[in-house]
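These are my notebook entries on a structure that I had not examined before. I recorded what I looked up and what I found at each step.

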Amino acid sequence: MVYQPILDLTDDACHSAEALIRLNDPDLGTIRPDEFIPVAEAEGSIRAVGETVFRQVCAFMASGKATAAGIHYMEVNLSGGQLSQKGLAEELYRITRSYGLTPEMLNLEITESMLLENLPEIRENLEQLRKLGFALSMDDYGTGFSSTRMLNTIPFTLVKLDRSLLEPAVTDENARVVLQYTMQMVARLDKKVLVEGAETVEMVELIRAFGGNYVQGFCYSKPLTEEEFLSFLKRKNPSSKEE
Ligand code: C2E
Ligand code: CA
Ligand code: CA
């Protein structure tokens, strides 16, 4: 796993990160998750992959090193195959507790496209996850149908706007209007806003000016290994207590 730091614009520090999977094959080299996650979905190994991801993030959080350096929670991606699994919520809760963690330390990212099928198992899992204390983040907002109904009916605490909303906003006035008012709408719905894919200082400042809560992107940091992430936190969150 690698961890991409998330910049909190309220204090310009890092209190969360997104866990991203990496697959290193001796023959093929590094394979992108965009390529192998759909394969795992199709051939039925996604649940095992998802559980391994979740356990690795829990083990890292349970080490206490990230929390000692100012991290409050981790964002973990769920896939459609996991979310439609009966009993997923209870299973994730059981694993979380087995590492001595509380669900507040894990935010689960769900893309809108996973919700389009509207399966009863998915609804049930989402409701149960919230009841058990996990926070839910809507991922890649702006790439699908960006349905406001989904925003209203599912109890997300964070909405992550896709980089395709940000990129054109730097140069195009209409795109800027779309970004600004999408951010305002999410804020008015009482949810936190994160904008993904900020590659330049100019992009970060645009997100700040539009009232964003969080920024993620190469400008702040690329995804880092555990070790790199911990030294990043020592540099960026200097006031946080060491273990
Ligand atoms: P995502 O959830 O939207 O993750 C963000 C992706 O954007 C990451 O790619 C990250 O490296 C990339 N990124 C971050 N900042 C920037 C930036 O400033 N510019 C650009 N151009 N890209 C940026 P990555 O790690 O290759 O992951 C791709 C996708 O694979 C993820 O998209 C997610 O859908 C999926 N994925 C990754 N890890 C997991 C996992 O553990 N479980 C599941 N189910 N899916 C995963
Ligand atoms: Ca994500
Ligand atoms: Ca995303």
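**Entry 1: the metal site**

Before reading the calcium site, I noted the cut-off: a donor is an N, O or S atom within 3.2 Å of the metal in the case of Ca, and water is not among the atoms, so a site may look incomplete. I also noted that this is a predicted model.

I then asked which residues coordinate the calcium ion (ligand 3). I found Asp139 (OD), Asp140 (OD) and Glu196 (OE), with Glu196 (OE) listed twice, at 2.2 to 2.8 Å. Along the sequence, these donor residues follow the spacing D-D-x55-E. Aspartate 139 lies in strand S7 (residues 135–141) and glutamate 196 in strand S9 (residues 192–196), so that distant parts of the chain, 57 residues apart, are linked.

I next looked up what else aspartate 139 touches among the ions. Aspartate 139 bridges the calcium ion (ligand 3) and the calcium ion (ligand 2). The two ions lie 4.0 Å apart.

Are these two side chains buried or exposed? I took under 20% relative accessible area as the limit for buried. Aspartate 139 is buried, at 6%, and glutamate 196 is buried as well, at 13%.

**Entry 2: strand S7 and its neighbours**

Since aspartate 139 belongs to S7, I examined that strand further. S7 is mostly covered, with 6 of its 7 residues buried.

I asked in which sense S6 and S7 pair, parallel or antiparallel. The pairing is parallel, over 5 bridges. Within it, isoleucine 110 has methionine 138 of S7 as its bridge partner. S6, helix H6 (residues 120–132) and S7 form a right-handed β-α-β unit.

I then turned to strand S8 (residues 158–161), which pairs with S7 in the parallel sense over 3 bridges. Here tyrosine 141 stands opposite leucine 161 in S8. S7, helix H7 (residues 148–153) and S8 form a right-handed β-α-β unit.

**Entry 3: the barrel**

I wanted to know how the strands are arranged as a whole. I found that 8 strands close into a barrel, in the order S1-S2-S5-S6-S7-S8-S9-S10, with mixed pairing. Neighbouring strands of this sheet are turned by 30° against each other on average, direction ignored.

I recalled that strands of a sheet pair through backbone hydrogen bonds, either parallel or antiparallel. For an antiparallel case I looked at S1 and S2, which are joined by 7 bridges. Proline 5 stands opposite alanine 17 in S2.

I also checked where H2 lies. H2 lies across S1, S2, strand S5 (73–77) and strand S6 (106–111). H2 runs at about 170° to S5.

**Entry 4: salt bridges**

I noted the principle that side chains of opposite charge can pair when their charged atoms come close. How many salt bridges does a search of the whole structure find? The search finds 11.

I looked up arginine 208, which forms a salt bridge with aspartate 12; the closest N and O atoms are 3.3 Å apart. Arginine 208 lies in helix H10 (residues 201–209) and aspartate 12 in the loop between strand S1 (2–8) and strand S2 (13–20), so the pair ties together parts that are 196 residues apart in sequence. Arginine 208 is partly exposed, with a relative accessible area of 31%, and aspartate 12 is partly exposed at 41%.

I then examined glutamate 51 and arginine 55, whose side chains meet in a salt bridge of 2.9 Å, N to O. Glutamate 51 and arginine 55 are separated by about one helical turn, because they are 4 residues apart in helix H2 (residues 46–62). Glutamate 51 is partly exposed at 31%, and arginine 55 is partly exposed at 28%.

A further salt bridge joins arginine 163 and glutamate 199, at 3.9 Å, N to O. This pair links distant parts of the chain, 36 residues apart: arginine 163 is in helix H8 (residues 163–166) and glutamate 199 in the loop between S9 and H10. Arginine 163 counts as partly exposed at 39%, and glutamate 199 counts as partly exposed at 38%.

Lastly, I looked for salt bridges that share partners: these join Glu18, Glu109, Lys160 and Glu196 into one network. Glu196 also appears among the donors to the calcium ion (ligand 3), which returned me to the site of my opening entry.

Notes: Residues are numbered from 1 along each chain as its sequence is written. Chains are lettered from A and ligands numbered from 1 in the order in which they are written. This is a predicted model: local features need pLDDT of at least 70, side-chain atom pairs count only at pLDDT 80 or more; totals for chains, interfaces and linings use all residues. Side-chain values use heavy atoms; hydrogens and water are left out. Helices (H or I, at least four residues) and strands (E, at least two) are DSSP runs, numbered from the N terminus. Buried means under 20% relative accessible area, exposed over 50%, partly exposed in between (1.4 Å probe, protein chains only). A salt bridge is a side-chain nitrogen of Lys or Arg within 4 Å of a carboxyl oxygen of Asp or Glu. Two strands pair if DSSP finds at least two bridges between them. Axes are lines fitted to C-alpha atoms, for helices over the stretch in contact, and angles run from 0 to 180 degrees between N-to-C directions. Contact means heavy atoms within 4.5 Å. A crossover is right-handed if, with the strands pointing away from the viewer, the path from the first strand over the helix to the second runs clockwise.
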